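Visitor: I would like a close look at a single part of this model, taken slowly. Please start with one residue and then show how the rest of the chain is arranged around that part.

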Amino acid sequence: MPKGNGKRNPLRSSVLVSAILSSIVGSVVGGVLLGYWLDSNFDTSPVFVIIGMLLGISAGFYGVVRAVKPFLGDDD
């Protein structure tokens with residue numbers, strides 16, 4: 001009898017990798033675009049882009065932790 005309850009399914013793994021990539025890329029791109037828009041409105045050239053990028057990276061890693069958390073810690 002195969003061990004596990006379907007958590008090692010290749011399709012499930014590819015969905016997890018897609019969720020991780022979209023979380024990181026989407027958050028960083030969204031943060032940079034928002035920062036670029038704020039910089040163009042307030043004429044503070046790289047300040048909000050840098051802040052948006054850092055917030056996007058933080059949000060991306062938070063999303064990765066939330067996506068991976070169900071897969072950790074229950075290998076009996």
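Guide: Phenylalanine 42 counts as exposed because its relative accessibility is 53%, and exposed means over 50%. Keep in mind that the model is predicted, and that the values quoted here are computed from it. Phenylalanine 42 is a partner in an aromatic pair, and the count for the chain comes to one such pair. The other partner is phenylalanine 48, with the ring centres 6.2 Å from each other and the planes at 45°, an arrangement classed as tilted. In general, a pair of aromatic rings is described by just these two things, the distance of the centres and the angle of the planes. Phenylalanine 48 has a relative accessibility of 27%, so it counts as partly exposed.

Now place the pair along the chain. The protein chain has two helices and zero strands. Helix H1 covers 10-42, and a loop lies between H1 and H2; helix H2 itself takes in residues 47-68. Phenylalanine 42 is therefore at the end of H1, where the range 10-42 stops, and phenylalanine 48 falls within the range 47-68 of H2.

Aspartate 43 lies in the loop between the two helices. Its phi is positive, at about 55°, although the residue is not a glycine. Aspartate 43 counts as exposed because its relative accessibility is 71%.

Next, follow helix H2 away from the loop. Ile50, Met53, Leu54, Ile57 and Phe61 make a nonpolar surface patch of about 440 Å². One of them, isoleucine 57, lies in H2 and has a relative accessibility of 34%, so it counts as partly exposed.

Valine 64 also lies in helix H2, but it is buried, because its relative accessible area is 15% and buried means under 20%. What does valine 64 touch, not counting residues up to four places away in sequence? The residues are Ile20, Ser23 and Ile24, with numbers that fall within the range 10-42 of H1. Valine 64 and isoleucine 24 are 40 residues apart along the chain, yet their C-alpha atoms are separated by 7.4 Å.

The figures for the whole chain give the setting. Among contacts with a separation of 6 or more, 58% are between residues 24 or more positions apart. Buried residues make up 16% of the 76 residues. The accessible surface is about 5,900 Å², and carbon and sulfur atoms account for 70% of that area.

Finally, there is a record to set beside the model. An unreviewed UniProt entry carries the annotation "transmembrane region" for residues 15-38 and 44-65. In the model, residues 15-38 are 100% helix and 0% strand, with end C-alpha atoms 34 Å apart. Residues 44-65 are 86% helix and 0% strand, and their end C-alpha atoms lie 33 Å apart.

Definitions and conventions. Residues are numbered from 1 along each chain as its sequence is written. This is a predicted model: local features need pLDDT of at least 70, side-chain atom pairs count only at pLDDT 80 or more; totals for chains, interfaces and linings use all residues. Side-chain values use heavy atoms; hydrogens and water are left out. Patches are made of residues with over 30% relative accessible area and no salt bridge: like charges are joined within 9 Å, nonpolar side chains (Val, Leu, Ile, Met, Phe, Trp, Tyr) within 5 Å. Accessible areas come from the Shrake-Rupley method with a 1.4 Å probe; for residues, only the protein chains shown count as cover. A salt bridge is a side-chain nitrogen of Lys or Arg within 4 Å of a carboxyl oxygen of Asp or Glu. Helices (H or I, at least four residues) and strands (E, at least two) are DSSP runs, numbered from the N terminus. Buried means under 20% relative accessible area, exposed over 50%, partly exposed in between (1.4 Å probe, protein chains only). Rings of Phe, Tyr and Trp (its six-membered ring) pair if their centres lie within 6.5 Å; planes under 30 degrees apart count as stacked, over 60 as edge-to-face and the rest as tilted. Contact means heavy atoms within 4.5 Å. UniProt positions are given in the numbering used here, feature names are shortened, and annotations may be inferred rather than shown by experiment.
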